[in-house]
Amino acid sequence: MQWLLILAVLGGAAFFGVTYFQNKFNALKSKADESKRKVLNTVQARIEIIKRLDGQLDRGENIGRNAVSSALRLAEKAATATSLEELGLLIEDKNKHLERAAMQLRNPNLTQNAGRLNPILDEVSDNTRKLQLARREYNDYARDYNRLRETGASS
């Protein structure tokens, strides 16, 4: 009789452990997938912001236009990246172009009407912060998910 009770308790503990592990695994996978979607949505938002910025540049504002055009090409390429590693590299390159463009376009000596561009440049900065946060969040969830998957596979 005692053996049956011990077996029942061990079986219940094993079932609880497996269920707990599976639930945690699924929750992390779900969070990683959602944060990946956030990264991609933020990249899409960035494309729209850059397009608006590009549309606001005068013909004479060639200094910022080249950097904005390069950033737009990289953003569009990032939106179709085949891997998140490739996406990360493209985002870093794009950010460099945008930082250069923003610095040039905010300079009243280089741009005829820098004031009209400031709201869009502020949106670019805000989008950059959101993108960094989304990427960090994705990396954290993906790391935790992979660790859990490895420990689950080894046990």
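**Notebook: T128, the cores and the salt bridges**

I began with T128, and, leaving aside its neighbours within four places in sequence, I found it in contact with R46 and N95. The residue lies in helix α4, and I noted that T128 is buried because its relative accessible area is 16%, which falls under the 20% limit. I keep in mind throughout that this is a predicted model.

**Overall layout**

I then looked up the secondary structure, which comes to four helices and zero strands, so that from the N terminus on the elements run α-α-α-α. Of the 155 residues of the protein, 32% count as buried. For the surface I noted an exposed area of about 10100 Å², of which carbon and sulfur atoms supply 55%. Turning to contacts between residues at least 6 apart in sequence, I found that 73% of them join residues at least 24 apart.

**Nonpolar cores**

Which residues have the most contacts inside the largest nonpolar core? I listed I50, L53, V68, L105, L117 and L121, in a core that has 18 residues. The elements giving two or more residues to this core are α1 (2–56), α2 (62–79), α3 (84–106) and α4 (114–154), and α2 gives the most, with five residues.

I followed L53 further and, leaving aside its neighbours within four places in sequence, recorded contacts with V68, L105, L117, I120 and L121. A second, separate core of 12 residues also turned up, and it includes A32, L74, L87 and L131.

**Salt bridges**

How many salt bridges does a search of the whole structure find? The search finds eight, and I went through several of them in turn.

For the pair E34 and R37, I noted a salt bridge whose closest N and O atoms are 3.0 Å apart. The two residues are separated by about one helical turn, because they stand three residues apart in helix α1. I checked how far each is covered: E34 is partly exposed, with a relative accessible area of 39%, and R37 is likewise partly exposed, at 44%.

The side chains of R52 and E123 also meet in a salt bridge, at 2.6 Å from N to O. This pair links distant parts of the chain, since R52 belongs to helix α1 and E123 to helix α4, 71 residues apart. I entered R52 as partly exposed, with a relative accessible area of 40%, and E123 as partly exposed too, at 32% relative accessibility.

Within helix α4 I looked at D126 and R129, which lie three residues apart, about one turn of the helix. They form a salt bridge in which the closest N and O atoms are 3.7 Å apart. Is D126 buried, partly exposed or exposed, and why? I put D126 down as partly exposed because its relative accessibility is 31%, a value that lies between the 20% limit for buried and the 50% limit for exposed. I closed the entry on this stretch by noting that D126, R129 and K130 are linked in a network of salt bridges.

Terms used. Residues numbered from 1 in each chain as written. Predicted model: local features only at pLDDT ≥ 70, side-chain atom pairs only at ≥ 80, totals over all residues. Heavy atoms only, no water. Core = buried A, V, L, I, M, F, W, Y, C linked by side-chain atoms within 4.5 Å. Buried < 20%, exposed > 50% of the residue type's maximum accessible area, 1.4 Å probe, protein only. Contact = heavy atoms within 4.5 Å. Salt bridge = Lys/Arg side-chain N within 4 Å of Asp/Glu carboxyl O. Areas by Shrake-Rupley, 256 points an atom, 1.4 Å probe, with all protein chains shown as cover.
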